[in-house]
Amino acid sequence: TFEVHEVWHAPAHYIDLFDPGYAGLDYDAPNYGYTDIYSQAELRHLWARYAAEVALTDRWLGYLLDQMDAMDLWGETMVVFVSDHGMYIGEHRRAGKHTVAGPSDPWPLYEEVSHIPLLVWIPGLRGPKHVRSLVQPVDLPATIYEAANVKSPAIHGQSLLPLMTGRQAALRDVVVSSKHNHPRTERDFSMGRLTATTDRWTLVAGEKAF
């Protein structure tokens, strides 16, 4: 789903759940810059719009899962819930996932952007199980191949099934988040950013990391 991508145009009754009675400037997307342009009330309302979009997405995802119940698909369907990134809405004085200033102002990949949700359902596995081990999105293809009993080609990721079944306690000592550098873009919006995380520490590196 493209949600919860901006612009954040959830119905008003969702927004009112989080910021009822707001009467100020009605921002519906982050400025992809620093938050000194917002008052505290405006920044809270921006967050409320984001939260409303999350609630709206949650509701319609619920309808999809209800339909899986109705069609009795859980025994033959693998479900993966994951996001590509988070969003700054006031954290570290920023709003957005990166700055629009380009290489002149590379934003660090703090946890709010780089620590993403991951829920996996695989038919036949006992659950629920909360795994605290470090994993990365690159591990998902290998997981899908193994779950489908299909021989995997040579890829960088590692299957998460050993973690999910308890056969292994950990797959990685460190996970890395790094910049996006698309060959067809005129500007690289995230130069000089890298975050490395272990089970105890996180290193936030970059040209202007702090």
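A salt bridge here is a side-chain nitrogen of Lys or Arg within 4 Å of a carboxyl oxygen of Asp or Glu. The model in these views is predicted.

**View 1. Glu146 and Arg167 form a salt bridge.** The closest N and O atoms of the pair are 3.5 Å apart. Glu146 belongs to helix 4, whereas Arg167 sits in the loop between helix 5 and strand 6, so the bridge ties together parts that are 21 residues apart in sequence. Glu146 is partly exposed, at 34% relative accessible area. Arg167 is exposed, at 53%. A search of the whole structure gives 4 salt bridges.

**View 2. Arg172 and Asp139 form a buried salt bridge.** Here the closest N and O atoms are 2.6 Å apart. The pair links distant parts of the chain, 33 residues apart. Arg172 is in the loop between helix 5 (161-164) and strand 6 (175-178). Asp139 is in the loop between strand 5 (118-121) and helix 4 (140-147). Both Arg172 and Asp139 are buried.

**View 3. Asp19 forms a salt bridge with Arg44.** The closest N and O atoms lie 3.9 Å apart. Asp19 is in the loop between helix 1 and strand 1 (33-34), and Arg44 is in helix 2. These positions are 25 residues apart, and the pair links distant parts of the chain. Asp19 is buried, with a relative accessible area of 11%. Arg44 is partly exposed, at 43% relative accessibility.

**View 4. Arg94 is buried without a salt bridge.** Arg94 lies in strand 4 (residues 94-96). The nearest side chain of opposite charge is that of Asp105, 5.5 Å away. Since a salt bridge requires the nitrogen and oxygen to be within 4 Å, Arg94 and Asp105 do not form one. A polar atom of the Arg94 side chain lies 2.7 Å from the backbone oxygen of His92. Arg94 also lies over the face of Trp107, 5.3 Å from the ring centre. Beyond neighbours within four places in sequence, Arg94 is in contact with Gly33, Tyr34, Thr35, Tyr88, Ile89, Trp107, Pro108 and Tyr110.

**View 5. Four aromatic residues beside Arg94 form a cluster.** Ring pairs link Tyr34, Tyr88, Trp107 and Tyr110. Each of these residues is in the contact list of Arg94. Trp107 is the residue whose ring face lies under Arg94.

**View 6. Trp8 and Tyr50 pair edge-to-face.** The search of the whole structure finds 8 aromatic pairs. In this one, the ring centres are 5.1 Å apart, with 75 degrees between the planes. Trp8 is in the segment before helix 1 (12-18), and Tyr50 is in helix 2 (residues 40-70). The pair links distant parts of the chain, 42 residues apart. Trp8 and Tyr50 are both buried.

**View 7. Trp60 and Tyr63 form a tilted pair within helix 2.** Their ring centres are 4.7 Å apart, and the planes meet at 45 degrees. The two residues are 3 residues apart, about one turn of the helix. Trp60 is exposed, with a relative accessible area of 53%. Tyr63 is partly exposed, at 39%.

**View 8. Leu61 lies in helix 2.** Leu61 is partly exposed, at 28% relative accessibility. The C-alpha atoms of Leu61 and Gly33 are separated by 31 Å. Along the chain, Leu61 and Gly33 are 28 residues apart. Gly33 is among the contacts of Arg94.

How values were computed: Residues are numbered from 1 along each chain as its sequence is written. This is a predicted model: local features need pLDDT of at least 70, side-chain atom pairs count only at pLDDT 80 or more; totals for chains, interfaces and linings use all residues. Side-chain values use heavy atoms; hydrogens and water are left out. Helices (H or I, at least four residues) and strands (E, at least two) are DSSP runs, numbered from the N terminus. Buried means under 20% relative accessible area, exposed over 50%, partly exposed in between (1.4 Å probe, protein chains only). Lys and Arg count as positive and Asp and Glu as negative; His and the chain ends are not counted. A polar contact is a pair of N or O atoms within 3.5 Å; within protein, one must be able to donate a hydrogen and the other to accept it, and residues adjacent in sequence count only if both atoms are side-chain atoms. Contact means heavy atoms within 4.5 Å. Rings of Phe, Tyr and Trp (its six-membered ring) pair if their centres lie within 6.5 Å; planes under 30 degrees apart count as stacked, over 60 as edge-to-face and the rest as tilted. A charge sits over a ring if NZ of Lys or CZ of Arg is within 6 Å of the ring centre and within 35 degrees of the ring normal.
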